[in-house]
Amino acid sequence: MLEFIGISTHTVAIASITILSLIFAFYQYFVRPLYYFQKLNIPGPKPSLFFGTVFTKEYGGHLGQVRCIKKYGKFYSGLLGLKPVVIISDPEMLKEVLVKQFSNFSNRFDVIPFDPAVSRNLLAIKDDDWKRIRSVLIPTFSATKLKQIEPIIIDACDTLVGKIIKENRENGKVNIWKLCGEYSMEVIMAAAFGVHVADDARGQKVCKAAAIFFSSSDIALLIASVVPSLYHFLSFLTRNRTNAVNHIVQVARAVIAERRRNLQNGLTNRRDLLQLMIEAAENGKLTDDEIVSQSFIFLLAGYETTSNALGYTSYLLALNPQVQQRLIDEIDEKCPKGTNLTIELLSELPYLDMVFNESLRIYPPAYIVNRVTKHETVIDEVKIPQDMMVAIPIYGIHHNDELWPDPEKFIPERFTPEEKAKRHPFAYLPFGNGPRNCIGMRLAITEAKLALIKILQNIVLEPVKETPIPLEVEPKFTLSVANGVIIGVKER
Ligand code: HEM
């Protein structure tokens, strides 16, 4: 019959097989994952075709974590595009993942594909490579080594407070979010790239590149999360990001070369994170590619997180005058204006510690982290398959009212030693936990606390009519805010 209209049965057979194969492939690749967890009897929100659960309004982002924990409990499932993921929020189970069964959970799932020039970074590398590089870098972040970059931080604190006062005198208000960003950038550039942002053209080049990197489109990442193999075909969408990375890499290489020339010429170099890594390289412990990758990841993981933490704390203090006054009293007693700031001072300010901890609880800049299983395991009688991505919803845990009564309230007293002792240590994870926790934690805390002391020695923070209340928080690369945060200040 079909021969009458010029189509042979042979052609029809081939077309039918092709169509059936395509339907089968479509089913296998896109539809089957939707039922993966149903078969395993693991609860979770219903995934949608192509995008799974994590991009949906109801279950995606930081607020989705809170909703899901309430609805599905301590262990639920999701789909990151097509990738099955289990989400664990129970502190005891997390202790198992992050510490007790660490050897099975020592790697992360590669959500972000890194450009090859910076792919040897600590966040991304795996297994023995990670172990080796982490052990080389750990001493670089020790208290003694941190002391060596203290002058960089103190300088940046002075600049920050100078800028706040100037902006307030000119405008009667301050974009504290932006200024905290500049402060954090100044510290990380000086510490990890050895360049001074204000008066070094290379510093400005990296700053510009970083700004492009942090603001560039995530469409490629979104598509890659659905079909990972497509990422490399999307280079036209990631060109800006790749160029930005190349600029950052060029500067890092130039500074490394300059530092080596200095040493050959008998000059001494400043002691910062970069210098400590260069010294490790002299002993054959790191390659130049690895140093560049670490400088890059310190910028990526350390800039926005620390800046946001300081921005959120300033915002919370402005809105909570009683807490702010108590903190000012503590600062006035232990280190009044004019006292030389030092890292040692921080141990004398317990209320500052409580305030900063509570701020990181309410607004954890790294609001989700993950691990991946090497082999199948059982935790709390739940079977977790091999190669499974395990997500840890930090924001959801910090806002779980079973762990934190009145979770939206800013109550620094939650962090008195007595209150802390009553709580499971894995109910609070702003820096992750276990051997693969945040390596920059000590630097971040020091940087933020010294800035807060310097700020409150000089000014009082307060809300103005432009201050966003409530704060609209956006889950981007870090937990961020949409349009900056404007506050008022009064000089003391
Ligand atoms: C307030 C600021 C910061 C926060 C909230 C934060 C948070 C985190 C979190 C939650 C993780 C994952 C931990 C885990 O998976 O258990 C992490 C990892 C990491 N952070 Fe931070 N971080 C901050 C600042 C910094 C700074 C200043 C640096 C570096 C200069 C840094 C470098 C890193 C690196 C390299 C990793 C990967 C560690 C590894 O895999 O071994 N972070 N951070």
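Which residue has a polar backbone atom 3.5 Å from a nitrogen atom of the ligand? Before I answer, please keep in mind that what we are looking at is a predicted model. The residue in question is A301, whose polar backbone atom lies 3.5 Å from that ligand nitrogen.

Two further backbone approaches involve oxygen atoms of the ligand: a backbone N or O atom of L122 lies 3.3 Å from a ligand oxygen, and a polar backbone atom of N433 is 3.4 Å from an oxygen atom of the ligand.

Moving out to the whole shell, 29 residues surround the ligand, and the closest of them are R108, R134, R371, R436 and C438. By character, the residues of this shell divide into 18 nonpolar, seven polar and four charged. As for where they come from, α5 (127-137), α13 (288-319), β4 (369-372) and α18 each supply at least two residues, and α13 gives the most, with seven.

Helix α18 takes us from the ligand to a sheet, since this helix, residues 441-458, lies across β8 and β11 and runs at about 100 degrees to β8. That sheet is an open one of three strands, in the order β3-β11-β8, and its pairing is antiparallel. Its edge strands are β3 (174-175) and β8 (459-462), each of which pairs on one side only. Between β8 and β11, the latter covering residues 486-491, there are four bridges, with the two strands running antiparallel, and within this pair V460 stands opposite K490 in β11.

How values were computed
Residues numbered from 1 in each chain as written. Predicted model: local features only at pLDDT ≥ 70, side-chain atom pairs only at ≥ 80, totals over all residues. Heavy atoms only, no water. Pairing = 2+ DSSP bridges. Contact = heavy atoms within 4.5 Å. Axes fitted to C-alpha atoms, helices over the stretch in contact; angles between N-to-C directions. Near = heavy atom within 4 Å. Polar contact = N/O pair within 3.5 Å; in protein donor to acceptor, adjacent residues only side chain to side chain. Nonpolar A, V, L, I, M, F, W, Y, C, P; charged D, E, K, R; others polar.
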